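Thanks for coming. I have one structure to show today, and I want to spend the time on its internal cavities. Please have a look at it first.

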Amino acid sequence: MAYGLGIPKLRLNSPYWQNFIGGILIGLTGGLYAALNLLGAGGGKPNSFQVVQTANATLCAVYAVSAWFGGTVLNTIGPALTAFFGVIGYILYVGSLWYFDQHGKETFPIIAAVCVTLFQISAGLIYVTSGYLSMSYSEENERGKFVATSINLQATGAAIGGLIPLIINHDKATSAGVPAAVYIVFIVMDFVGCALAFLLRPPEKVVREDGTNIAVVKARPFWQELKGNLEAFKDWRMIVMIPAFAVSECFLVYGGSANAFRNSLRARSLLGFCSVTLQIICGWALTLLLDNEKLRRRTRAQIGLAITGIPVMGAYIWEMVRTRNYDRNNPPSPPLDWNDPDFGAIFVLFMLNWVSCSLFQYMILYFLGCFTNNPRVAANNAGVFRGFMAAGEAIDFGVDSMGVPFLKESGALFAFYTAGVIAMGYLALFHIDETKYFTEEEVTIPKHIREEHDHTIVIEGMPQSTSETDEEAAAATGKEATGIAEEIKA
């Protein structure tokens, strides 16, 4: 039974609703983080951007390490605890920005940024959990929907985070900081996320609508998990995607900094709210392509990459033209407001940049989802992606804190995006398989896939065969997995 639009009935151990919970957690963490950065340094004071960009660089540097090995943590302690430790770190981060915005002391946000990840309560863990859920809890024919649900809920968090200061500051054309009430609301929302994290379930306890579970992942010692994690770094497909990984969230750094330099607080709030709202709409439109079973997966990957990668490159060419005469040592006074004549072009460019860069992240996760259905492998791949993403973001925050001209910064981002599009284009042309079912251990094949394809399920430790005996054994294994899942569902 479903509610319509492909949304199943509410059930805690449903793959869809597990991914939905993961998306809410990303919205309450990464979404609010994006909203804070869109408001500008220290919550909105342009003259304080260097301190907060330095703190963000510190945070992202240690976040990269935690993400790289987040797959090991997740596969060892499970998604619930991993997500909890990931969410709780954001409370300290938001509190540190609030303290700096109110008191102007530089030390606390930088120290807090380090503490967040030293105790493994960092952004890396929540992002690894989210990627793990969207890539491995979905079936192959709904991967685009799961990715879009997760990232769109993150965008919803950013939209809500942007709407709150927009309402508060709608009549203020100055470039002031954010009221304390905004920070308090954000912290309360993150505490709610800490509680929601415990609703997440491991794959063997998550049951599809047909009664089968996602996978039966066998427990392994920590050192074996770490070894498996390191194997992900040897996958040549992951290596060639590093330029795409590294640049995939730098638009947040560049956009927040350029936004704070040029625009008033209420203009920044408007841009932040409108951009993430448009992202949600475009993200759902993209799923119509990515889950279109009339097209081969390779074709979907090629078209999706084209309609996201080309606008990204176009946006940064425009950014280079726009910022060529900007002097970061002399911000405009008064700042540009939403009723100024020049604001229209700024608005269009910001929408193009934000939406195309966001959808580029959708495509990265879709590509990773095409590489595997195994939850253990998906966790490690998500960690590699998020680790390099954080490393790139840390470098960009560091560069930005040094006051490098916007022209050079946007030019560097253009080069990385171009390299990423070329690398992913090669993979889309030659290395996206139509399916990964029947090729991986631990994955439970959905019933309709087994019925549609006349294949033998290879049992671990048995040679592949088409004999009647082997077919009966494979069928028995499928029934056993289904029976276990049905007991859990009941």
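I will start with the chain as a whole, then go to the cavities, and finish with one helix.

First, a caution: this is a predicted model.

The protein chain has 19 helices and two strands. Of its 490 residues, 58% are buried. If we take the contacts with a separation of 6 or more, 84% of them join residues 24 or more positions apart. The exposed surface of the chain comes to about 19,300 Å², and carbon and sulfur atoms supply 66% of that area.

Now the cavities. How many cavities of 30 Å³ or more does the structure hold? There are eight. I will discuss two of them.

The largest cavity has about 160 Å³ of space. Its lining is made up of 16 residues, and those nearest the centre are Gln-154, Phe-251, Gln-279, Trp-354 and Ser-358. Which elements give two or more residues to this lining? They are helix H1, residues 15-39; helix H7, 143-168; helix H12; helix H13, 265-290; and helix H15, 343-371. H7 gives the most, with four residues. By residue class, the lining of the largest cavity has ten nonpolar residues, five polar and one charged.

The second largest cavity holds about 120 Å³. Here 14 residues form the lining, with Gly-255, Ala-258, Glu-319, Arg-322 and Phe-350 nearest the centre. At least two lining residues come from each of H12, helix H14, which is 297-323, and H15. In the second largest cavity it is H12 that gives the most, with six residues. The lining divides into seven nonpolar residues, four polar and three charged.

That brings me to H12, which gives two or more residues to the lining of the largest cavity and six to that of the second largest. H12 covers residues 250-262, 13 in total. From first C-alpha to last it reaches 18 Å, close to the 18 Å expected at 1.5 Å a residue. Is H12 enclosed or exposed? With the cut-off for buried set at under 20% relative accessible area, 13 of its 13 residues are buried, so H12 is largely enclosed by the rest of the structure.

To recap: eight cavities of 30 Å³ or more, with H7 giving the most residues to the lining of the largest and H12 giving the most to that of the second largest. That is all I have.

Key. Residues numbered from 1 in each chain as written. Predicted model: local features only at pLDDT ≥ 70, side-chain atom pairs only at ≥ 80, totals over all residues. Heavy atoms only, no water. Expected span 1.5 Å × (residues − 1). Buried < 20%, exposed > 50% of the residue type's maximum accessible area, 1.4 Å probe, protein only. 1 Å grid on protein atoms, 1.4 Å probe; cavity = no way out; pocket = protein on both sides within 12 Å on 5 of 7 lines; lining within 4 Å. Points joined across faces, edges and corners; volume = space filled by probe spheres on them. Nonpolar A, V, L, I, M, F, W, Y, C, P; charged D, E, K, R; others polar. Contact = heavy atoms within 4.5 Å. Areas by Shrake-Rupley, 256 points an atom, 1.4 Å probe, with all protein chains shown as cover.
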